[in-house]
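User: I would like to learn how to read a protein model step by step. Could we begin with how far its coordinates may be trusted?

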Amino acid sequence: MTHATKQKSPLLTIFITVFIDLLGVGIVIPVIAPLILDTSHNMLSLEMSRHTRTIVLGFLISSFSLAQFFGAPMLGALSDRYGRRKLLALSIIGTVIGYLLFATSILQQNIYLLFASRILAGFMGGNISIALSSISDFSDEKSKAKNFGMVGAAFGLGFIFGPFIGGKLADPTIVSWFNAAVPFFFAAMLASLNLLFVLFAFPETLRAKRNTKVSMFTGIENIGKAFRLSHLRIMFLIVFLLTLGFNFFTQFFQVFLINKFDYKISQIADIFAFVGIWIVVANGALQRPLSKRYAPLSIIQISALLLGIALPMLLLPTESKYIFYVLPFIAIFQGLTQPNLNSIVSSQAGKDEQGQILGINQSVQSLGMAIPPIIASYINIVNINLPIATASFCILLGWGVLVVFFRNKKTQHAFAEDKLAN
């Protein structure tokens, strides 16, 4: 890291950008499940069964991640060509349009437009991967996990205020004209402010532009590369299993709360805001001191194991108040796992391949996010506890692969030797 880079670190501006972006994402969380499952919203035929509604919800949630699977690698490659700042701005413009379409679909009670809005938002939602690439541009090996932890803290703050704001703006008992569409108009406004911030305050971190291949099928090619590269396939298998597991939990936890405890939008908002507080504690208060004493691999070996053990504890309470005793542990263990996982993936490549390796990582994560909602929508019909039990199994399996098979390779040149660009 050069002296100039230290003097003009873009970490604060990246933090603010990610925070505003995740604030908008968080607003969506408490609204989407009740929107489909509650017949009062009339998004689907009133004759449609609860099971069928749950399956539609699974495909709706999955559509965002599946679109991101195709879109994020393209944006990552384009950011290697034209710079992080320009592509981040383009991504945010797509996000604004997606939120506006989402709100319109609710007002018009149009399920097809609702799907279209989530697909557009997913395809253009490369904000986080571009921000991670920016961090890699100016971080050295020692500061990388710490800086990724700052992004995790922004993520957590977005998940404190986002769900809380979304839940309250959708609650007509607070203000008579509040409804499910209002949070998305507010999210569009936030994203527009984020766009202005990026245009006027976000520094360009890419030092040397790279003519990375841009293709609609890069996501599919990335999955092939992820498991073809000898020094990376184990790492990406771990990323896939941990992402798969945690998303079995996060993406259907709302449905669990609705089915088991009859939670409403405002209550779902409160519980996700509570989770966000503990993610911030993990990333803001614990990650930095831990990263000074321990390597990212050492932290993940403990945090991923404890995460897999903590998740089934959610199935024990018969009263929802006891869930609040379990969630801090889940949030802290995940809050420590994710930034260190990103750091290890990033450290497997040289500076000039950061955009591409993080693009592959994003593809693996997007696939890991797209699969759980569809599977969970079907196994939830068998037993409402199965999605969380499956989450624990996948995470413990990922931890097992990490402990038994992964060897952290510091040789950055190996990335190029595997001819990733081909």
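Analyst: The term to learn is pLDDT, the predictor's confidence in each residue, from 0 to 100. Where pLDDT is low, the predicted coordinates should not be read in detail. This is a predicted model, in which local features need pLDDT of at least 70 and side-chain atom pairs count only at pLDDT 80 or more, while totals for chains, interfaces and linings use all residues. Residues are numbered from 1 along each chain as its sequence is written, and side-chain values use heavy atoms, with hydrogens and water left out.

User: What is the average pLDDT of the protein, and where does pLDDT stay under 50?

Analyst: The average is 86, and 92% of the residues score at least 70. Over residues 1–7 the pLDDT is below 50, and this stretch has seven contacts (heavy atoms within 4.5 Å) beyond near neighbours in sequence. Residues 411–421 also have pLDDT under 50, with 24 contacts in the model beyond four places in sequence.

User: How is empty space found, and how many cavities of 30 Å³ or more does the structure hold?

Analyst: Rolling a probe the size of a water molecule over the atoms shows where empty space is left. On a 1 Å grid over the protein atoms alone, a cavity is a set of points where a 1.4 Å probe fits but cannot get out, and a pocket is an open set with protein on both sides within 12 Å along at least five of seven lines; lining residues have an atom within 4 Å of a point. Grid points are joined across faces, edges and corners, and a volume is the space filled by probe spheres set on the points. Here there are four cavities of 30 Å³ or more, and the largest has a volume of about 1300 Å³.

User: Which residues lie nearest the centre of the largest cavity?

Analyst: They are Leu22, Val25, Phe155, Phe159 and Met369, out of 49 lining residues. By class, this lining has 26 nonpolar, 21 polar and two charged residues; Ala, Val, Leu, Ile, Met, Phe, Trp, Tyr, Cys and Pro count as nonpolar, Asp, Glu, Lys and Arg as charged, and the others, Gly among them, as polar.

User: Is Gln68 buried or exposed?

Analyst: Buried means under 20% relative accessible area, exposed over 50%, and partly exposed in between (1.4 Å probe, protein chains only). Gln68 is buried because its relative accessible area is 9%. Gln68 belongs to helix α3 (residues 50–82); helices (H or I, at least four residues) and strands (E, at least two) are DSSP runs, numbered from the N terminus. Beyond four places in sequence, the contacts of Gln68 include Gly122, Phe123 and Met369.

User: How many residues of helix α6 are buried?

Analyst: Of the 12 residues in α6, 11 are buried. This helix covers residues 127–138 and reaches 17 Å from its first C-alpha to its last, close to the 16 Å expected at 1.5 Å a residue (1.5 Å times one less than its number of residues).

User: Which sign of phi should one expect, and what is the phi of Gln109?

Analyst: Most residues other than glycine have a negative phi. Gln109, although not a glycine, has a positive phi of about 50°. Gln109 sits in the loop between α4 (84–108) and α5 (111–123) and is partly exposed, since its relative accessibility is 39%. Asp262 likewise has a positive phi, of about 55°, and lies in the loop between α11 (253–261) and α12 (265–293).
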